[in-house]
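Subject: The model we talked about

Hi,

Here is the structure for you to open alongside this message. My notes on it follow underneath, and I hope they make a handy companion while you look around.

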Amino acid sequence: MTKNSTSSTTSQWTGMVPVDDSALAVTDTGGPGIPVVYINGQFATQGYWRRVIAELGPGWRHITYDERARGKKSKPSADYSFETVVRDVDVVLAARGVDRALVVGWSYGGYVAGHWANRNPGRALGAVLVDGGGPYDWMDEAMEERIRKLFRRIGWFSPLLRPTGLVPRMTAEQQAISNIELGRISREREMGPVLDNITVPVRFVLASGVSFGSKGDEQERIRAGVAAVTARNANIEISAKVPSTHGSILKKDFRAIAAAVREVAALDRARSRKR
């Protein structure tokens, strides 16, 4: 399959992409538009993006997928590490014959998108980070214990929901470890340099209020760290601060996310004309 970022005539495709000991459920709308790959929240599914995709319309090539053990079809794995999730972006793009793409990530996916854009300056058209990807030191021993208790509490009913695809086919401990790893990756000394060294256009769309498991103004304190990033790196800006909560932003403020995608694509075109 020929790799091309903007002129592919690939038709719409839905299927499984093998990777390591797993396989990912992938949907590719095909067509000649700019490829946009959507990276889900930590335990979310590709269906969350439907309103954003509908708002952008058929002039774009939309690529969505469910991460390992997520959704109804993606297979379990022995490895749910963050590094594996970042690597799986490349696996999906390679399987669909896409070299350059615009990455859009929500929540956990924002951190994945930020890392991918940092590591692939020649392949990333840009990135949109939706209420995720900002650096903040929120993980400590007390938070780790709180996370483990939270997932133990919800673990008893998870098997009942797994056939629906609403919860991952991961144990409570695996989910807790993944969440704790995210907290460590989010630290200023870890995520700050990743964002500082990005050389492609990045736009944040920030939500308001709480997220699942957060207390008080914890989430707003995390978002506040993005301002320091924009001050250090001229490629990164806040596109919008919307009234939706973390959990409802894809549903209620999809227009703001789509606007940020258009903005980043326009910036990439402008940069290309200058070369």
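Is Gly-47 buried, partly exposed or exposed? Gly-47 has a relative accessible area of 31%, so it is partly exposed. Please keep in mind that this is a predicted model. You will find Gly-47 in the loop that links β3 (35-39) with α1 (50-56). Its C-alpha lies 14 Å from that of Gly-247, and the two glycines are 200 residues apart in sequence.

Now to the helices, starting with α2 and α3.

Helix α2 covers residues 82-95 and helix α3 covers residues 108-119. Their axes come within 10 Å of each other and cross at roughly 65 degrees. The two helices are therefore roughly perpendicular to each other, and their crossing is right-handed. On the α2 side, the contact is formed by Phe-82, Glu-83, Val-85, Val-86, Val-89, Asp-90 and Leu-93. These meet Tyr-108, Tyr-111, Val-112, His-115, Trp-116 and Arg-119 of α3. By type, the residues of this contact are nine nonpolar, one polar and three charged.

Helix α2 itself has 14 residues, and from its first C-alpha to its last it reaches 20 Å, close to the 20 Å expected at 1.5 Å a residue. Its buried residues are Phe-82, Thr-84, Val-85, Val-86, Asp-88, Val-89, Val-92 and Leu-93. After the helix comes Gly-97, with a positive phi near 70 degrees.

Helix α3 also packs against another partner, α7.

The axes of α3 and helix α7 (residues 188-196) come within 9 Å, with a crossing angle of roughly 50 degrees. That angle makes α3 oblique to α7, and the crossing is left-handed. Tyr-111, Gly-114, His-115 and Asn-118 of α3 make this contact with Met-191, Pro-193 and Val-194 of α7. Here the split is four nonpolar, three polar and no charged residues. Tyr-111 and His-115 are worth clicking on: they take part in the contact with α2 and also in the contact with α7.

Next, α6 and a residue that reaches it from α4.

Helix α6 (residues 172-185) has 14 residues, which should span 20 Å at 1.5 Å a residue; its end C-alpha atoms are 20 Å apart, so the two values agree. Buried positions in α6 are Gln-175, Ala-176, Ser-178, Asn-179, Ile-180, Leu-182, Gly-183 and Ile-185. Glu-144 sits in helix α4 (residues 141-155). With a relative accessibility of 17%, Glu-144 counts as buried, since the cut-off for that is under 20%. Leaving aside residues up to four places away in sequence, Glu-144 touches Met-139, Ile-180 and Arg-184.

Just ahead of α6, Arg-169 belongs to the loop between α5 (158-161) and α6. Its relative accessibility is 24%, so Arg-169 counts as partly exposed. Arg-169 and Gly-71 are 98 residues apart in sequence, but C-alpha to C-alpha they are 8.4 Å apart in space.

Two backbone angles may also catch your eye. Most residues other than glycine have a negative phi. Which value does phi take at Ala-69? Phi of Ala-69 is near 70 degrees, a positive value although the residue is not a glycine. Ala-69 lies in the loop between β4 (61-65) and α2, and its relative accessible area of 0% makes it buried. Ser-107 likewise is not a glycine and has a positive phi, of about 60 degrees. You can find Ser-107 in the loop between β5 (101-106) and α3. Ser-107 is buried too, with a relative accessible area of 17%.

Finally, a stop further along the chain. Asp-217 is in the loop that runs from β7 (202-206) to α8 (218-224). With a relative accessible area of 43%, Asp-217 is partly exposed. The C-alpha atoms of Asp-217 and Ser-244 are separated by 15 Å, and the two residues are 27 apart along the chain.

Enjoy looking through it, and do write back with your thoughts.

Best wishes

Terms used
Residues numbered from 1 in each chain as written. Predicted model: local features only at pLDDT ≥ 70, side-chain atom pairs only at ≥ 80, totals over all residues. Heavy atoms only, no water. Axes fitted to C-alpha atoms, helices over the stretch in contact; angles between N-to-C directions. Helix = DSSP H or I, 4+ residues; strand = E, 2+ residues; numbered from the N terminus. Parallel < 35°, antiparallel > 145°, perpendicular 65-115°, else oblique. Left-handed = near helix turned anticlockwise from the far one by under 90°. Contact = heavy atoms within 4.5 Å. Nonpolar A, V, L, I, M, F, W, Y, C, P; charged D, E, K, R; others polar. Expected span 1.5 Å × (residues − 1). Buried < 20%, exposed > 50% of the residue type's maximum accessible area, 1.4 Å probe, protein only.
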